[in-house]
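New to this one? Take a moment to turn the model around, and then we'll walk through the ligand and its surroundings before looking at some aromatic rings.

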Amino acid sequence: MNYRHSFHAGNPADVMKHAALARVLAYLNKKENAYRVLDTHAGAGLYDLDGANAQRTLEADAGIEAVLAADLAGTLPKPAAALLAPYLDAVRATRAGGRRLYPGSPALALALSRPQDRFLFCELHKEERAKLEKRVGEDHRVKILPQDGWQGIAAHLPPRERRGLVLVDPPFEEPGEFQRLVAGLEAAYQRFATGIIMLWYPIKDLKAVDAFRRDVARLGLPKTLRVELDFATVRSLDVLSGSGLIIVNPPFTLADEMRTILNALAPLLARDGQGRARVSWLTPGG
Ligand SMILES: C[S@@+](CC[C@H](N)C(=O)[O-])C[C@H]1O[C@@H](n2cnc3c(N)ncnc32)[C@H](O)[C@@H]1O
């Protein structure tokens, strides 16, 4: 377990994932009833973009920093800026103290939800979990678990609230992660068929991504949305050239919202200005 998200926080893949997370929560917030978020691979919760790890890669410069600058300059198309507003406001709010911080999925989910909502964060890495405890552990809505996220799916679903989101965002440092994602999706759906289930994956090896999409489609779960963004036209097995999300039971508005958002962000987030967004149904939508 060598992966540290602090090297990558706020990069284009994070922006795409967190923009989708924010839209899902905006939808869940429309009903008064409480919901639960299970984040199976939670990370440290909040990241310092001026810290040594982030400064070593500067990945956030091509991600959240480019988006915040465009928003400030008013150059984002208006419909996309409106959809992104809750996410970008939450990012700006973490900087109120003057430090360039970036909220990971736990801090973002907490910022965008209500007092009645509940959160389970699995994080296996001891130091990352200690940071998460420090950053969000005092919030009474939160439980942080020193648990394997894959086991967390079996242990904590369905949630008592019977509505909510399962976010599965593994580090992809060990072989077999695509297969674990498919198995995790199947297990999550079996236990919580009405929940929104969101999986993140890297686009490096196109063959592996194709096989993964086929395996997900083969599960035959209804309403399976695929959202992808390419940041680079040069493909290499070692370089992240894009990232994707599989979302089962997405809010009915999400496909159109993500098209609007990603078509606006693609040129900004792409290394060569030629990003490309793809939003399509792997199995029929609602
Ligand atoms: C990609 S990062 C998570 C980023 C976070 N979801 C976000 O968006 O801010 C993956 C995290 O999973 C943790 N991890 C790795 N294997 C795990 C496992 N089997 N169960 C739970 N956490 C795991 C890593 O320590 C790392 O912090």
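For sorting residues by class, Ala, Val, Leu, Ile, Met, Phe, Trp, Tyr, Cys and Pro count as nonpolar, Asp, Glu, Lys and Arg count as charged, and the others, Gly among them, go down as polar. Keep in mind that this is a predicted model.

With those classes in hand, the shell around the ligand breaks down into five nonpolar, 10 polar and five charged residues. Which residues come nearest? Out of the 20 around the ligand, they are His-18, Ser-105, Glu-123, Gly-149 and Asp-169. As for where the ligand sits, that's the largest pocket.

Here are some side chains with a polar atom facing one on the ligand:

| Side chain | Ligand atom | Distance |
|---|---|---|
| Lys-17 (N or O atom) | oxygen | 3.0 Å |
| His-18 (polar atom) | oxygen | 2.8 Å |
| Asp-169 (polar atom) | nitrogen | 2.7 Å |

How much of the ligand does the protein bury? Taken alone, the ligand exposes 610 Å², and the protein buries 96% of that.

Now for the rings. Searching the whole structure turns up seven aromatic pairs. Take Phe-119 and Phe-121: their ring centres are 6.1 Å apart and their planes meet at 35°, so this pair counts as tilted. That label goes to planes that are neither under 30 degrees apart, which would be stacked, nor over 60, which would be edge-to-face. Are these two residues buried or exposed? Phe-119 and Phe-121 are both buried.

There's also a cluster to look for: ring pairs link Phe-172, Phe-178, Trp-200, Tyr-201 and Phe-212.

Methods. Residues are numbered from 1 along each chain as its sequence is written. This is a predicted model: local features need pLDDT of at least 70, side-chain atom pairs count only at pLDDT 80 or more; totals for chains, interfaces and linings use all residues. Side-chain values use heavy atoms; hydrogens and water are left out. A residue is near a molecule or strand if one of its heavy atoms lies within 4 Å of it. A polar contact is a pair of N or O atoms within 3.5 Å; within protein, one must be able to donate a hydrogen and the other to accept it, and residues adjacent in sequence count only if both atoms are side-chain atoms. Accessible areas come from the Shrake-Rupley method with a 1.4 Å probe; for residues, only the protein chains shown count as cover. On a 1 Å grid over the protein atoms alone, a cavity is a set of points where a 1.4 Å probe fits but cannot get out, and a pocket is an open set with protein on both sides within 12 Å along at least five of seven lines; lining residues have an atom within 4 Å of a point. A molecule sits in a cavity or pocket if more than half of its atoms lie within 2 Å of its grid points. Rings of Phe, Tyr and Trp (its six-membered ring) pair if their centres lie within 6.5 Å; planes under 30 degrees apart count as stacked, over 60 as edge-to-face and the rest as tilted. Buried means under 20% relative accessible area, exposed over 50%, partly exposed in between (1.4 Å probe, protein chains only).
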